[in-house]
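Open your viewer and get ready to click through a short tour with me. At each stop I'll suggest what to select, and then we'll look at what is there.

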Protein chains: 2
Amino acid sequence: MPTDTTSTGASSGSRALEHPARADIRLTDVLHALADPMRLRIVRTLAAAEDELNCADIPLPVSKSTCTHHFRVLREHGVIQQLYRGTAKMNRLRRADLEDLFPGLIDGVLRAADLQARRLGED
Amino acid sequence: MPTDTTSTGASSGSRALEHPARADIRLTDVLHALADPMRLRIVRTLAAAEDELNCADIPLPVSKSTCTHHFRVLREHGVIQQLYRGTAKMNRLRRADLEDLFPGLIDGVLRAADLQARRLGED
DNA sequence: GCACTCATACGATAGACGTCGTACTACGGT
DNA sequence: ACCGTAGTACGACGTCTATCGTATGAGTGC
């Protein structure tokens, strides 16, 4: 029950995507997932949206295959939740699970990323 | 001056070890450095000690070469400060620099690691 | 000076990672 | 039924990583 992905109900519910159960999420895996510029950008965008986003809603300077790869890494390491909604695949941060396991961690990383972006004049 | 390693004075001051300046520390590098079980254990031990530690003071289930490798990664990514003191090499967390750049990040990771260790019965 | 200890350097190796392009599948609309 | 769109699968490629063993360098103490 920690990784219930059927809560939206109205989805066509075709293929199931494998997510790690909350208890199986490992800190080093999460850190590894976040330790990549592309993935960190994805996570920041998802966090800023506070709503589920289409893969294509997050512009990345890499090919579509690479994009798929990064989303999968984030999902398999327990950082995001993905579910199909028709032809699109919606993405959402697993805030509740992560907050339960590692309170404050994600917010700390996001704040750090914001500070660095401001400091370096990016973003 | 952000990376002054001569503050201890009494050290023999032989070889200098390269450390990134505070402004050059990148979040993804720090996360990557922490995203390894061995290195996370090193950092946790250093944080718990709150004092500088010899490399050999941190027992790791890997060879000495590998140990050296991990310490170098941590240093080159700005997580720890190393300085020679005679034949030993002392290690210390760069808490001030990291706290200045990414407030709360390290503490968040350490707390997360503690919680996970308790949850999994390790530690 | 010599032995001992702490740590490095240097290869070597096996595996993981980020990236790409192309071919393919799934769904939705017309 | 058909096409278009969103995303996957697969194979390839070069790079990076974690690990090791052995040989080497730097200090301490006898």
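## Stop one: chain A as a whole

Select chain A, and you will find five helices and three strands in it. Keep in mind that this is a predicted model. If you trace chain A along its sequence, the elements come in the pattern α-α-β-α-β-β-α-α. Now show its surface: of the 123 residues in chain A, buried ones make up 46%. Turn on contacts between residues at least 6 apart in sequence, and 66% of those in chain A join residues at least 24 apart.

## Stop two: the DNA

Next, select DNA strand C and the residues around it. There are 24 of them, and those that come nearest are Ser63(A), His70(A), Asn54(B), Thr68(B) and Lys89(B). Colour this surface by residue type, and you get five nonpolar, 13 polar and six charged residues.

Which parts of the DNA lie within 4 Å of the protein? Of those atoms of DNA strand C, 71% belong to sugar or phosphate, and the rest belong to bases.

Zoom in on three contacts here:

- Ser65(A) has a polar side-chain atom 2.9 Å from a base oxygen of DNA strand C.
- Thr66(A) has an N or O atom in its side chain that sits 3.0 Å from a phosphate oxygen of DNA strand C.
- Ala56(B) uses its backbone instead, with an N or O atom 3.3 Å from a phosphate oxygen of DNA strand C.

To see which elements give two or more residues to this surface, highlight α3 (64-76) of chain A, then α3 (64-76) and β3 (88-93) of chain B.

## Stop three: His19 in chain A

Move to His19(A), in the segment before α1 (27-34) of chain A. Is this residue buried or exposed? His19(A) counts as buried because its relative accessibility is 16%, which is under the 20% cut-off. Show its side chain and look for two partners. A polar atom of the His19(A) side chain lies 2.9 Å from the backbone oxygen of Leu17(A). On the backbone of Gln82(A), the nitrogen also lies 2.9 Å from a polar atom of that side chain.

## Stop four: Val62 and the cysteines

Now select Val62(B), in the loop between β1 (53-54) and α3 of chain B. Val62(B) has 30% relative accessibility, so it counts as partly exposed. Leaving out residues up to four places away in sequence, Val62(B) touches Met38(B) and Cys67(B). Try the distance tool on the first pair: Val62(B) and Met38(B) are 24 residues apart in sequence, and their C-alpha atoms are 8.7 Å apart.

Follow the contact to Cys67(B), which counts as buried because its relative accessibility is 12%. A disulfide is a covalent bond between the sulfur atoms of two cysteines. How many disulfides are there over all chains? The count is zero. For Cys67(B), the nearest cysteine sulfur is that of Cys55(B), 5.9 Å away. In chain A, Cys55(A) is in no disulfide either, and the sulfur of Cys67(A) is 5.9 Å from its own.

## Last stop: the nonpolar core

In soluble globular proteins, nonpolar side chains tend to be buried together. Here, the largest nonpolar core has 66 residues, and Val79(A), Phe102(A), Val79(B) and Phe102(B) touch the most other members. Finish by selecting Val79(B) and displaying its contacts beyond four places in sequence, among them Val30(B), Ala33(B), Leu34(B), Val43(B), Leu74(B) and Leu98(B). Arg92(B), Leu93(B) and Arg94(B) are also in contact with Val79(B).

Definitions and conventions. Residues are numbered from 1 along each chain as its sequence is written. Chains are lettered from A and ligands numbered from 1 in the order in which they are written. This is a predicted model: local features need pLDDT of at least 70, side-chain atom pairs count only at pLDDT 80 or more; totals for chains, interfaces and linings use all residues. Side-chain values use heavy atoms; hydrogens and water are left out. A residue is near a molecule or strand if one of its heavy atoms lies within 4 Å of it. A polar contact is a pair of N or O atoms within 3.5 Å; within protein, one must be able to donate a hydrogen and the other to accept it, and residues adjacent in sequence count only if both atoms are side-chain atoms. Helices (H or I, at least four residues) and strands (E, at least two) are DSSP runs, numbered from the N terminus. Ala, Val, Leu, Ile, Met, Phe, Trp, Tyr, Cys and Pro count as nonpolar, Asp, Glu, Lys and Arg as charged, and the others, Gly among them, as polar. Buried means under 20% relative accessible area, exposed over 50%, partly exposed in between (1.4 Å probe, protein chains only). Contact means heavy atoms within 4.5 Å. A disulfide is a pair of cysteine sulfur atoms within 2.5 Å. A nonpolar core is a set of buried Ala, Val, Leu, Ile, Met, Phe, Trp, Tyr and Cys residues joined through side-chain atoms within 4.5 Å.
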